[in-house]
Amino acid sequence: MSRTLFDQATQALEWPRVLEFLALHAQSAIGGSRCRSLSLASELADARRRQQETSEMVAWLEGSDPVPALGFPDIREPLSRASKGGVLESSELRDCVIVLTVMAELERYAESHKGETQRLAQVLEPLRATKALQGVLRAIEGAIHPDGAMKETASPELRRVTHHAQG
């Protein structure tokens, strides 16, 4: 497909407008960003694959078993900082718990519906890694309240200092 013809197709389909409409329906900032960066398929096989993924997702959304909520905070910056040895605030750790929980719920949902999908199963394959992160999730949940406040029991030292201050 020549670039000129591809550009004409992109313009005729109002592709940027379609992407913006799609992004407005995303449940997270990352999802909206990913929607806006989608390129128009230039190969028939790619377009068919994307259509099959979309059809499978629509079937999930319209099915009797509701899909888990897909809204979650953007934790890319805190994770980047943590990967360099940086310390995360308790609210950032709480956001990590939210993301890990959404990932685990979606992985369980996908596993229970794997016979119904082919393409989405491939897309969601990386979620299997959430099983290896369950220890991290439990550790953070043991140290951080759902509102992001640090639990007194987060560490023996914190417990000792808290009791000393209360005394």
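A residue is called buried here when its relative accessible area is under 20%, and exposed when that area is over 50%, with partly exposed residues in between. With this in hand, the predicted model can be toured helix by helix, starting with helix H4.

Helix H4 covers residues 44-62. The helix has 19 residues, and the distance from its first C-alpha to its last is 27 Å, close to the 27 Å expected at 1.5 Å a residue. The buried residues of H4 are Glu53, Glu56 and Trp60. Viewed down the axis of H4, these buried residues fall within an arc of 65 degrees, so they line one face of the helix. The partners of that face are helices H6 and H7, against which the buried residues of H4 pack. On the other side of H4, the exposed residues are Leu44, Arg48, Leu61 and Glu62.

One further residue of H4 deserves a look. Ala59 is found in this helix, and its relative accessibility of 48% is the reason why it counts as partly exposed. Although Ala59 and Thr117 are 58 residues apart along the chain, their C-alpha atoms are separated by 9.4 Å.

A comparable arrangement of faces can be described for helix H8, made up of residues 134-143. Here the buried residues are Leu137, Ile140 and Ala143. Seen down the axis of H8, they fall within an arc of 135 degrees, so these residues too line one face of their helix. The buried residues of H8 pack against H6, a helix that also receives the buried residues of H4. Arg138 and Ala139 are exposed on the other side of H8.

Attention now turns to the largest pocket. The space in this pocket amounts to about 1900 Å³. Its lining is made up of 44 residues, and the closest to the pocket centre are Gly31, Arg34, Cys35, Leu70 and Val123. By character, the lining residues divide into 34 nonpolar, 6 polar and 4 charged. Several helices contribute: H2 (15-24), H3 (29-36), H4 (44-62), H5 (76-83), H6 (90-112) and H7 (119-123) each supply at least two residues of the lining. The largest share comes from H4, with 9 residues. Helix H4 thus appears in two settings, as a supplier of pocket lining and as a helix whose buried residues pack against H6 and H7.

The N-terminal part of the chain offers some details of its own. Phe6 is found in helix H1, which spans residues 3-12. This phenylalanine counts as buried because its relative accessibility is 11%. Phe6 and Ser28 are 22 residues apart in sequence, and their C-alpha atoms lie 30 Å apart in space.

Further along, Glu14 is found in the loop between H1 and H2. Its phi angle is near 50 degrees, a positive value in a residue other than glycine. Glu14 has a relative accessibility of 39% and therefore counts as partly exposed, whereas Phe6 in H1 is buried.

Conventions. Residues are numbered from 1 along each chain as its sequence is written. This is a predicted model: local features need pLDDT of at least 70, side-chain atom pairs count only at pLDDT 80 or more; totals for chains, interfaces and linings use all residues. Side-chain values use heavy atoms; hydrogens and water are left out. On a 1 Å grid over the protein atoms alone, a cavity is a set of points where a 1.4 Å probe fits but cannot get out, and a pocket is an open set with protein on both sides within 12 Å along at least five of seven lines; lining residues have an atom within 4 Å of a point. Grid points are joined across faces, edges and corners, and a volume is the space filled by probe spheres set on the points. Helices (H or I, at least four residues) and strands (E, at least two) are DSSP runs, numbered from the N terminus. Ala, Val, Leu, Ile, Met, Phe, Trp, Tyr, Cys and Pro count as nonpolar, Asp, Glu, Lys and Arg as charged, and the others, Gly among them, as polar. The expected span of a helix is 1.5 Å times one less than its number of residues. Buried means under 20% relative accessible area, exposed over 50%, partly exposed in between (1.4 Å probe, protein chains only). The arc is that of the directions from the helix axis to the C-beta atoms. Contact means heavy atoms within 4.5 Å.
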